[in-house]
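Subject: A structure for you to explore

Hi there,

Here is the structure I promised to send you. Have a look at it first, and then read on for what I found.

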Amino acid sequence: MIFKDLYDALVELLDEKDNRKDLEACGASVHQLFQSTLDTKDTSDTKELLYKANALIDYCNEQILLYHFKDVPVHWRRMMMDAGLLVTLIQLSSVDTDFQVAEAQVQKIISDLDTCCVVSGSPGPDRRFMSNIVLDQLQIWLTDHRTTKERNYKKSKVAREEICVTLNYPIQRLSEPPSFEWFLNHCNQDIPTPFIIPKGAINHWPACNEHPWSSLDYLLSVAGDRVVPVEIGSQYTDSNWGQKMMRFSDFVNDHIENKEGKPAYLAQHDIFYQIPRLEKDVIVLDYCYIEPNLTKLYPCRTKDVIKNAWFGPKGTISPLHQDPYHNLLVQVVGSKYLKLISPQQSEFVYPRTGLMTNTSEVDVDNPDYEKYPRFKQVDYIECILQQAKVVALC
């Protein structure tokens, strides 16, 4: 039985005391509460055990919120992660045999563990590895036990609405994918210019074939019950913008399929780190492995290729901003309008102060020229990036 196997695996992981030494830094009372809850898992009432384990998570969350995330002492993130695994272990011990009851129980397990993983960053020996196994197996179990009567996902596709915009200054479109050498030489120009790579560069991706991201059936089978942080609002510079943790299926139902729903965006979150099964659907293009010359615009290189995915309905907007790296933007499903401004014109776009210095104050769609007069001098290029095409944002 899947629940018994996962329970046993978590017991084995958490019983390794040598891998929990750093939890002692949380203080004697906190550490003792964790240890006593773990030690009495087979003899105490489930409700009481969950109360204690959840109290640990709440306390860790309070401590974490006292710091900027990068400054949080690792022992609080570690304790939250292990307390989350402890809650999962306790919940797995009492899953009902009736699917009608078990479905909600398993959804709760996924929600609790996902939230702990996202907030803590899943630190600790084998913690992320084991969490991924648990979450993946539980999602597969739910998907396999649901019937098509509940919802015919196979006929449900991601809506593809055409963008109707007249392009006055179109980005260069290549007739075929460039060679590796050409791409490197292009990026090594003083000011490399963007260009669009035509269809063909990603035709071999599973996301375009056997695991089609155009199919809501597939996406929901992989991640329907997973809990993800979603941005609510059309763009992150809006005053009413916010973030909310929600089940992926609720995000799809309320914001992708519901055309009247509030704009929402699954962005600014490493979904591939959280759900590795989705990461396997994309294959890093060879172009990402070039090592271009360092310049004032691109003063450093990353150790590994940075991969991100965004998912949103019509009406979601990324404000004018600058990234510190060379970028390839791939449109797997649907289309997106892009307006690009050379970094040589940074003085004309009014960068924000504070934490968002890489983001412009100007609303590009409706610029206030009285407030931002220099923006009139900006030159730009633009495109509609269509499905299965790639734009090099050099």
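Let's begin with Ala 9, which sits in helix H1, the stretch from residue 2 to residue 14. Is Ala 9 buried, exposed or partly exposed? Its relative accessible area is 24%, so Ala 9 counts as partly exposed. Try finding Ile 133 as well: 124 residues separate Ala 9 from Ile 133 in sequence, yet their C-alpha atoms are 10.0 Å apart in space.

Before going further, please keep in mind that this is a predicted model. The mean pLDDT of the protein is 91, and 96% of the residues reach 70 or more. Confidence is highest in helix H4 (residues 74–92), with a mean of 98, and lowest in strand S9 (residues 389–393), with a mean of 87. One stretch calls for care: residues 149–154 have a pLDDT below 50, and in the model this stretch makes 9 contacts beyond near neighbours in sequence.

Next, the nonpolar cores. The largest one has 46 residues, and Phe 3, Phe 34, Leu 92, Val 106, Leu 138 and Trp 141 have the most contacts inside it. Which helices supply at least two residues each? They are H1, H2 (28–39), H3 (46–64), H4, H5 (99–120) and H6 (127–145). H4 gives the largest share, with 11 residues. To see how this core is joined up, click on Val 106: leaving aside residues up to four places away in sequence, Val 106 touches Phe 3, Val 95, Leu 138, Trp 141 and Leu 142. There is also a second, separate core of 42 residues, and Leu 220, Leu 266, Leu 285 and Ala 309 are among them.

You met Trp 141 in the first core, and it turns up again among the aromatic pairs. The count of such pairs comes to 12. In one of them, Phe 99 and Trp 141 are tilted, with 5.5 Å from centre to centre and 50° between the planes. Phe 99 belongs to helix H5 and Trp 141 to helix H6, so this pair links distant parts of the chain, 42 residues apart. Both residues are buried.

Now look at Tyr 169 and Tyr 380. Why is this pair edge-to-face? The ring centres are 5.2 Å apart and the planes stand at 85°, so the pair is edge-to-face, the cut-off for that being over 60 degrees. Tyr 169 is in the loop between H6 and strand S1 (172–173), while Tyr 380 is in the loop between strand S7 (336–340) and strand S8 (381–385), so the pair ties together parts 211 residues apart in sequence. Tyr 169 is partly exposed, at 48% relative accessibility, and Tyr 380 is partly exposed too, at 23%. Elsewhere, Trp 182, Phe 183, Phe 195 and Tyr 287 make up one aromatic cluster.

Finally, a small sheet of strands is worth finding. 3 strands form an open sheet in the order S4-S3-S5, with antiparallel pairing. Which strands stand at the edges? They are S4 (242–247) and S5 (264–265): each has a single partner strand, so one side of each is left without a neighbour in the sheet. S3 (residues 227–232) and S4 pair over 6 bridges, and Val 228 has Met 246 in S4 as its bridge partner. Helix H9 (residues 248–257) lies across S3, S4 and S5, and runs at about 115° to S4.

Enjoy exploring!

Best wishes

Key
Residues are numbered from 1 along each chain as its sequence is written. This is a predicted model: local features need pLDDT of at least 70, side-chain atom pairs count only at pLDDT 80 or more; totals for chains, interfaces and linings use all residues. Side-chain values use heavy atoms; hydrogens and water are left out. Helices (H or I, at least four residues) and strands (E, at least two) are DSSP runs, numbered from the N terminus. Buried means under 20% relative accessible area, exposed over 50%, partly exposed in between (1.4 Å probe, protein chains only). pLDDT is the predictor's confidence in each residue, from 0 to 100. Contact means heavy atoms within 4.5 Å. Two strands pair if DSSP finds at least two bridges between them. Axes are lines fitted to C-alpha atoms, for helices over the stretch in contact, and angles run from 0 to 180 degrees between N-to-C directions. A nonpolar core is a set of buried Ala, Val, Leu, Ile, Met, Phe, Trp, Tyr and Cys residues joined through side-chain atoms within 4.5 Å. Rings of Phe, Tyr and Trp (its six-membered ring) pair if their centres lie within 6.5 Å; planes under 30 degrees apart count as stacked, over 60 as edge-to-face and the rest as tilted.
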